[in-house]
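Please look through the model below with an eye to its helices and its aromatic side chains.

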Amino acid sequence: MLGKNQSVFDKGALASTKPGKQLIRQKLFKSKGYRLFDKYKTEAEDNFADFAQRFAAELHGAISADGSPHDTVQKFAEEVGSPEMELSPSGADAARDRLQSIDELQVRVGRILDSNFVKMTFPVFNALYDGAAALRGGGQDGGGDDDDGLRRDIVEGHIMAIDLSEPMDRIVDKDEDVKYLDDYRLMNPYILNLARSRISKGGDAILGSFESGFADARLGQDLDEQLKSAPGQITEDDMTTSYKKYRAVMGTAGRNMALAERPLGDIFYLGMAKAAEGVGCGNEIEDSIRDRAVKVPSWPLYYSVLSGSSRTGFEAAARKGDLYLQDARLAISLLPEGFEATELLEFLFVTMDHYNKYWYDRLLQLDAWDEFDSSLPARGGAGGDGKEEKK
């Protein structure tokens, strides 16, 4: 599998969950879903280093050519509505000086590309694009769409946009890569510009779809930041809006793999949006294990506050992840008959199911409920003991 933490998909880990055992059987008997996933995974692995190098080189060129990096960062911060993304003029100059070294910039790019969402979706986007292109009579095997490299532009543009969430999250959370945060603040606007440039190659409809999704995702991220200061007051509507940070970006990318054409684009949106939300639940459990505190904000936190028990809250969050993945599987039933990537998507959703169940099982084995309970805010309030801040 592709992913940030390869141990989740080693043989022992796969054997520890029911969906993991299904994956082992599919690999053993070389099911069509496994063969398709392996084909696109191999393609992504073969091309990933080249993509990362080109990404860093283009970023380096854009940063070096900009005579007003502070103004560029300021405009980005205003666009996304987050003062956290701002840099002082001296801070922007210092970050630019550091990133004049292509080697240093490649280190930063490598760190933000080391992401489950990036690595696990690269092969899926290629498969979705090819499946949609085949229905149109173009694609890799049929010529047409790909003669001008449109496939690469659309897929890489959306990968860059998804990757933008990594430095932005780290800036807000301040729990990873702390020494690089100012460099990430400088990089953010140039990453977005590169993503837009590539996606625009598909035409106004595709770019418009992306812009709408990006704005929607920012609503989720903005609320995410606000909820950190009042974790005891989080509502279900808050969490649903917060999850736009997953739903809008991944769903929009799925839609654009069908060049934003209906109905296939809407089916792709549904499947990818719900899959992303499902994995989001597993990611919240994984992060809580890492920090030995319930993630703020998160479904585990919301349910834990309601019930007064972290054990109950995590159990409910695991079930919530199952519900999201059920909706993702519903999208498969809506695909056109004979759609080439159907079995790959089925395999993918089993992979996500394993990911979620693996981390929930690890949580149960950790048996740290007292620690998790102690990290909970007071019900109905923001807490008064310093726990209102993200752990």
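What follows goes from one helix to the aromatic pairs and then to the charges placed over rings.

The model is a predicted one, and a suitable place to begin is helix 14, which runs over residues 264–291 and has 28 residues. From its first C-alpha to its last, helix 14 reaches 40 Å, close to the 40 Å expected at 1.5 Å a residue. Helix 14 is also mostly covered, with 24 of its 28 residues buried, and the residue that follows, Arg-292, has a positive phi, near 55°.

Turning to the rings, a search of the whole structure finds 19 aromatic pairs. One of them is formed by Tyr-243 and Tyr-324, which are stacked, at 5.7 Å centre to centre and with 15° between the planes. This pair links distant parts of the chain, since Tyr-243 lies in the loop between helix 12 and helix 13, whereas Tyr-324 belongs to helix 16, 81 residues apart. Both tyrosines, Tyr-243 and Tyr-324, are buried.

Helix 16 also contributes Phe-314, which pairs with Trp-369 of helix 18, 55 residues apart. The ring centres of Phe-314 and Trp-369 lie 6.2 Å apart and the planes stand at 55°; because stacked pairs need planes under 30 degrees apart and edge-to-face pairs over 60, this pair is tilted. Phe-314 and Trp-369 are both buried.

Tyr-243 and Tyr-324 belong to one aromatic cluster together with Tyr-246, Trp-299, Tyr-302 and Tyr-303. Within that cluster, the ring of Trp-299 has the charged end of Lys-320 over it, 4.5 Å from its centre. Elsewhere, Arg-136 lies over the face of Tyr-129, at 6.0 Å from the ring centre.

Methods: Residues are numbered from 1 along each chain as its sequence is written. This is a predicted model: local features need pLDDT of at least 70, side-chain atom pairs count only at pLDDT 80 or more; totals for chains, interfaces and linings use all residues. Side-chain values use heavy atoms; hydrogens and water are left out. Helices (H or I, at least four residues) and strands (E, at least two) are DSSP runs, numbered from the N terminus. The expected span of a helix is 1.5 Å times one less than its number of residues. Buried means under 20% relative accessible area, exposed over 50%, partly exposed in between (1.4 Å probe, protein chains only). Rings of Phe, Tyr and Trp (its six-membered ring) pair if their centres lie within 6.5 Å; planes under 30 degrees apart count as stacked, over 60 as edge-to-face and the rest as tilted. A charge sits over a ring if NZ of Lys or CZ of Arg is within 6 Å of the ring centre and within 35 degrees of the ring normal.
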